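Me: Hi! Could you walk me through this model while I have it open?

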Amino acid sequence: MARQLLIQLTDAAPQAEAVVAWLLLEDGQASGGVMQGTLAKAAAYAGNAKVIVAVPSDRVYLTRQRLPGKNRQRLLKAIPYALEDQIIDNVEDMHFALGMADNQDQY
């Protein structure tokens with residue numbers, strides 16, 4: 001098992017200076033205790049580790065959206081603007097992830 005960095009967002013509105021908690025695992029074992037600080041401090045521990053981030057569920061919006069095309073890079077750029085009418089906040093300040101398409105081009 002490789003190195004893993006587990007990060008938990010603890011602030012309701014995460015920003016660069018927000019406090020997060022993290023734990024570094026080496027071969028599945030904690031290499032030290034839980035630490036807290038900014039995302040920048042947590043990033044310093046990332047190195048070549050697989051990073052796993054736990055986000056509060058009230059900060060996650062799951063939906064299905066029909067998008068034309070198969071070019072994944074273009075779809076990743078288009079998805080924020082396809083959803084901006086459904087979201088109150090500025091899409092430029094958000095992260096979007098694209099799942100797998102079904103047979104009707106819904107992601």
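Reply: Happy to; we can start with the overall layout and then go through some individual residues.

Me: Great. What kind of model is it?

Reply: It is a predicted model.

Me: And how many helices and strands are in the protein chain?

Reply: The chain has 2 helices and 5 strands. Starting at the N terminus, the order of elements is β-β-β-β-α-β-α.

Me: What about the overall dimensions? What is the radius of gyration of the protein chain?

Reply: The radius of gyration is 17 Å, whereas a compact globule of 107 residues would come out near 13 Å. Along the principal axes, the C-alpha atoms fill a box of roughly 45 × 30 × 20 Å.

Me: How much of the chain is buried?

Reply: Buried residues account for 24% of the 107 residues. The exposed area of the protein chain is about 7800 Å², with 53% of it supplied by carbon and sulfur atoms.

Me: Okay, and contacts over long sequence separations?

Reply: If you take contacts between residues at least 6 apart in sequence, 39% of them join residues at least 24 apart.

Me: Let's turn to the strands. Which way do S1 and S2 run, parallel or antiparallel?

Reply: Antiparallel: S1 covers residues 4–9, S2 covers residues 20–26, and 6 bridges join them. One of the partnerships puts isoleucine 7 opposite tryptophan 22 in S2.

Me: And S1 with S5, parallel or antiparallel?

Reply: Those run parallel, with 5 bridges between S1 and S5, and S5 spans residues 50–54. Glutamine 4 has lysine 50 in S5 as its bridge partner.

Me: You mentioned tryptophan 22. Is that one buried or exposed?

Reply: Tryptophan 22 counts as buried, because its relative accessibility is 2%.

Me: How many aromatic pairs turn up in the whole structure?

Reply: The search finds 1 aromatic pair. It is made by tryptophan 22 and tyrosine 45, whose ring centres are 5.6 Å apart; their planes meet at 45°, so the pair is tilted. The pair links distant parts of the chain, since tryptophan 22 is in strand S2 and tyrosine 45 is in the loop between H1 and S5, 23 residues apart.

Me: Tell me more about tyrosine 45. What does it touch?

Reply: Not counting residues up to four places away in sequence, tyrosine 45 touches Arg3, Leu5, Trp22, Leu24 and Met35. Its C-alpha atom is separated by 9.7 Å from that of glutamine 4, and the two residues are 41 apart along the chain. Tyrosine 45 itself is partly exposed, with a relative accessible area of 33%.

Me: Switching topic: where is arginine 64?

Reply: Arginine 64 sits in the loop between S5 and H2. At 49% relative accessibility it is partly exposed, because the exposed class only starts over 50%.

Me: Which side chains does the arginine 64 side chain make polar contacts with?

Reply: There is a polar contact with the side chain of aspartate 102 at 2.8 Å, and another with the side chain of glutamine 106 at 3.4 Å. Leaving aside neighbours within four places in sequence, arginine 64 is in contact with Asp102, Gln106 and Tyr107.

Me: What about glutamine 65, buried or exposed?

Reply: Glutamine 65 is buried, because its relative accessibility is 18% and the cut-off is under 20%. It is found in the loop between S5 and helix H2, which covers 72–83. The side chain of glutamine 65 makes a polar contact with the side chain of glutamine 86 at 3.5 Å. Beyond neighbours within four places in sequence, glutamine 65 has contacts that include Ile79, Ala82, Leu83 and Asp105.

Me: Last topic, the backbone. What is phi at aspartate 105?

Reply: Phi of aspartate 105 is near 60°, which is positive in a residue other than glycine. Most residues other than glycine have a negative phi. Aspartate 105 is in the segment after H2, and it is partly exposed with a relative accessible area of 23%.

Me: And aspartate 27, what is its phi?

Reply: Aspartate 27 is not a glycine either, and its phi is positive at about 50°. Aspartate 27 is placed in the loop between S2 and strand S3 (29–30). It counts as exposed, because its relative accessibility is 54%.

Note on methods:
Residues numbered from 1 in each chain as written. Predicted model: local features only at pLDDT ≥ 70, side-chain atom pairs only at ≥ 80, totals over all residues. Heavy atoms only, no water. Pairing = 2+ DSSP bridges. Helix = DSSP H or I, 4+ residues; strand = E, 2+ residues; numbered from the N terminus. Buried < 20%, exposed > 50% of the residue type's maximum accessible area, 1.4 Å probe, protein only. Polar contact = N/O pair within 3.5 Å; in protein donor to acceptor, adjacent residues only side chain to side chain. Contact = heavy atoms within 4.5 Å. Rg over C-alpha atoms; globule rule 2.2 N^0.38 Å. Areas by Shrake-Rupley, 256 points an atom, 1.4 Å probe, with all protein chains shown as cover. Phe/Tyr/Trp six-rings, centres within 6.5 Å; stacked < 30°, edge-to-face > 60°.
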